[in-house]
Amino acid sequence: MADALGQFTDQQFESAVRELEEPNLDGYELFTESHGMKIYRHLRDSGLYEYKTYGGFAEFDPGMFIQVYNDLDYRKQWDGYVGELTELKDITLKQGIAVYWLVKFPFPLSNRDYVFMRETRELQSSQGVHSWAALSSTLTVPSYPERSRIIRVDEFEQCVALQTDGGKGSKVYMHYYDNPKGMIPKWLINWAARTAVPMFLTTMNDACRKYADYKSSQCKQ
């Protein structure tokens, strides 16, 4: 998570990239394999699992993947669960950006929203290997209070790290945890996570494939 000043540490970025070469799976169990991804999970005191996912994409280099991942306007085009997604430019952080994200949940569940920070860095090892990491964590911002009929998620962590696979593709690592609160049974939340994480990465892969066309269309407007 980010520290009290709203920033991530160098060690957190280095740890994320290290997972690509030396996965730290202490306390984790293999949960499932899906879409070429291996997903491990660890039970937290909340009764919910946090997940680590390892895999890769053969078609796109890390630079393309991280560009698509960070393009908030584009995500509103390819992610059908996004209700709102925008950078909060009136919030100044030492590093990174603040983001508001409204997620549409299926009826009869209430929608959820998030206020979080995200910071992306490009790192280089002593061997000259380039890696990218993007860290996200919730923020408490009094100027963006909870909204009526929407449940505010205040426990959210996401980390994505990427590195070249030696060819045209990418090695990918993702860590994810959130607590959607409300009256959703924990077994249902954990069951949904079985498909949500690999589905997100697979959808991201498709979004990368269409990104050039999207950028071209934006330039013509």
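This is a conversation about how to read salt bridges, strands, cysteines and a helix in a predicted model.

Visitor: I would like to begin with charged side chains. How many salt bridges are there here?

Guide: The count comes to 15 salt bridges. The idea is to look for a side-chain nitrogen of Lys or Arg within 4 Å of a carboxyl oxygen of Asp or Glu. Try glutamate 21 and lysine 171: their closest N and O atoms are 3.2 Å apart, and the pair forms a salt bridge.

Visitor: Which parts of the chain does that pair tie together?

Guide: Glutamate 21 belongs to helix H1, residues 10–21, while lysine 171 belongs to strand S10, residues 170–178, so the salt bridge links parts that are 150 residues apart in sequence. As for its surroundings, lysine 171 is partly exposed, with a relative accessible area of 25%.

Visitor: Where do arginine 41 and glutamate 29 lie?

Guide: Let's start with the contact: the side chains of arginine 41 and glutamate 29 form a salt bridge, at 2.7 Å from N to O. Arginine 41 is in strand S2 (residues 37–43) and glutamate 29 is in strand S1 (residues 29–34), so this pair ties together parts that are twelve residues apart in sequence.

Visitor: Is arginine 41 buried or exposed?

Guide: To answer that, compare its relative accessible area with the cut-off: buried means under 20%. Arginine 41 has 19% relative accessibility and therefore counts as buried. Its partner, glutamate 29, is partly exposed at 37%.

Visitor: What does glutamate 59 pair with?

Guide: Glutamate 59 meets arginine 209 in a salt bridge, at 2.6 Å from N to O. Arginine 209 sits in helix H4 (residues 186–220), and glutamate 59 sits in the loop between strand S3 (49–57) and helix H2 (62–70), so the two join parts that are 150 residues apart in sequence. Salt bridges that share partners also join Glu59, Asp206, Arg209 and Lys210 into one network. Arginine 209 is partly exposed, with a relative accessible area of 40%, and glutamate 59 is partly exposed at 45%.

Visitor: Now for the strands. How should I think about one?

Guide: Here is a general idea to carry with you: in a regular strand the side chains alternate between the two faces of the sheet. Then ask which strands pair, and in which sense. S2 and S3 pair in the antiparallel sense over six bridges, and leucine 43 has tyrosine 49 in S3 as its bridge partner.

Visitor: What lies between S2 and S3?

Guide: They form a hairpin with five residues between them, and in the turn glycine 47 has a positive phi of about 90 degrees. S3 also runs antiparallel to S10, joined by seven bridges, with phenylalanine 57 opposite serine 170 in S10. As for cover, seven of the nine residues of S3 are buried.

Visitor: Which strands does S9 pair with?

Guide: S9 is joined to S7 by seven bridges and to S10 by nine bridges, running antiparallel in each case. Alanine 133 has alanine 161 in S9 as its bridge partner, and threonine 164 has serine 170 in S10. S9 and S10 form a hairpin with five residues between them, where glycine 166 in the turn has a positive phi of about 95 degrees. Eight of the nine residues of S9 are buried, so the strand is largely enclosed by the rest of the structure.

Visitor: How many disulfides are there?

Guide: The count is zero. Cysteine 159 is in no disulfide, and the nearest cysteine sulfur, in cysteine 208, is 17 Å away, too far for a bond. Cysteine 159 is buried at 8% relative accessibility, and cysteine 208 is buried at 2%.

Visitor: Back to helix H1. Which of its residues are buried?

Guide: They are Phe13, Ala16, Val17, Glu19 and Leu20. These residues cover an arc of only 140 degrees around the axis, which puts them on the same side of H1. They pack against S3, strand S6 (111–124), strand S7 (130–138), strand S9 (156–164) and S10.

Visitor: What span should the twelve residues of H1 have?

Guide: At 1.5 Å a residue, they should span 16 Å; the end C-alpha atoms of H1 are 18 Å apart, which agrees.

Definitions and conventions. Residues numbered from 1 in each chain as written. Predicted model: local features only at pLDDT ≥ 70, side-chain atom pairs only at ≥ 80, totals over all residues. Heavy atoms only, no water. Helix = DSSP H or I, 4+ residues; strand = E, 2+ residues; numbered from the N terminus. Buried < 20%, exposed > 50% of the residue type's maximum accessible area, 1.4 Å probe, protein only. Pairing = 2+ DSSP bridges. Disulfide = S-S within 2.5 Å. Expected span 1.5 Å × (residues − 1). Arc of directions from axis to C-beta. Contact = heavy atoms within 4.5 Å.
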